[in-house]
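Trainee: Could we go through a structure together? I would like to learn where the descriptive words come from.
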Amino acid sequence: MDVSDYMLGLGQQAKRAARVLALSSLSQRNHALWCIAQRIDSQRELILAANAKDLAAAKSQGLDDAMCDRLALNAGRIDGMIANLEQVASLPDPIGATDQIRTMPSGIRVGKMRVPLGVVGIIYESRPNVTIEASSLCIKSGNSTILRGGSESIHSNGAIARCIEAGLADAGMPETAVQVVNTTDRAAVGALITMDKFVDVIVPRGGKGLIERITAEARIPVIKHLDGVCHVFIDAGADLSMANAIAINAKTHRYGTCNTMETLLLDRSVAADALALIGPELQSKGVEIRGCSETCRILNWAVVATEADWYAEYLAPILAVRIVAGLAEAIDHINAYGSHHTDAIVTNNHAHAEQFMREVDSSSVMVNASTRFADGFEYGLGAEIGISTDKIHARGPVGLEGLTSQKYVVFGTGQVRS
């Protein structure tokens, strides 16, 4: 296979399909999502069999537990795929709405119309359910998409892709509206991120190395985040039972996700009591704590943290813990060491909550909730195409609106400019 020619063909087909999708009705796009859901449901066994091949290969190649967890499919995760398609189908139409219409002194009326981006290229690792999440959002928002999954999920993605193609055909939509790259050749990524004549935006979902490469080499706008160095800060006077539940969930619900807490910060006034609750539970779950000197005096089994630990995205049962003088020091720490992804405060002080929300420079800032909620599905977006820590166009979980843009529309009654 000549990878350049193959990718060029995908780009040309995606561009043609994008025009069809942009002109399709809401009912047509929703019908396509329902048809894909039915195909996924009917092909469960084939999808799980394909995933079993990928998991066996991953384990034989020594992929770590976090990567295997992301890769694995089961009945519950397939149910989640179907629920995702159904939820996205139930959402309002993200395209075609015209708003902000105002009449100017000349008599013209000026407004903005929401429109699709066009062709969305998505590059991701491990998680085969991303194939469904990304496809559903792109179809609903009137975009075509080219999906390039990781080599470790080639069989799973292929099985899911066949369901998507069949569902699109069932709905009378172009099968090329969603195309999954069927080669593991790394040259396919290089081709995709430089096809600026055919692809309008790139969304990378994966490790830091992948995203750094995409950002450096792409000739197309990129919606991205590099790291998920997420924090929870336990404020003075916080409800420690609540703080314990939030901290344990934020760290141990799943280790390998970008919204998992990687650093716990505690106000000095509550640190000993809070760690007396949180520490033993983390220890019982096998979480290693890398703490500041004060933390290590309270938890004698903790390991002394290094400067590198404050920047670390472990994606593993390891947690950095630091005791700070108060809210201002916590905010300074987060803004200095964090990745602008998701950060939370546990507090009973409304003024402190307001200050934290204003001053923490992250795409999601939370009060009295686990960082694990930073997710398009949990935010009511139906799903997410990814998390953006950029500040232009889209920030935070990128759902349907993040896959659209706006154009100006002008209504006149024969006005000419003098």
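Mentor: Let's start with helix α6 (residues 129-140) and helix α7 (residues 154-170), which pack at an angle of about 25° with their axes 10 Å apart. This is a predicted model, where local features need pLDDT of at least 70, side-chain atom pairs count only at pLDDT 80 or more, and totals for chains, interfaces and linings use all residues. Residues are numbered from 1 along each chain as its sequence is written, and side-chain values use heavy atoms, leaving out hydrogens and water.

Trainee: Why are α6 and α7 called roughly parallel to each other?

Mentor: Angles under 35 degrees count as roughly parallel, over 145 as roughly antiparallel, 65 to 115 as roughly perpendicular and the rest as oblique. The angle here is about 25°, so α6 and α7 are roughly parallel. Their contact (heavy atoms within 4.5 Å) involves residues including Ile132 and Ile139 of α6 and Ile160 and Leu168 of α7.

Trainee: How do you know that the span of helix α11 agrees with its number of residues?

Mentor: The expected span is 1.5 Å times one less than the number of residues. For the 14 residues of α11 (residues 271-284) that gives 20 Å, and the end C-alpha atoms are 19 Å apart, which agrees. There is also a kink of about 30° at Leu277, shortly before the proline Pro280; the bend is the angle between axes fitted to the seven residues ending at a residue and the seven starting there.

Trainee: What makes Gly414 exposed?

Mentor: Buried means under 20% relative accessible area, exposed over 50%, and partly exposed in between (1.4 Å probe, protein chains only). Gly414 has 67%, so Gly414 is exposed. Its place is in the segment after β16 (404-411).

Conventions: Helix = DSSP H or I, 4+ residues; strand = E, 2+ residues; numbered from the N terminus. Axes fitted to C-alpha atoms, helices over the stretch in contact; angles between N-to-C directions.
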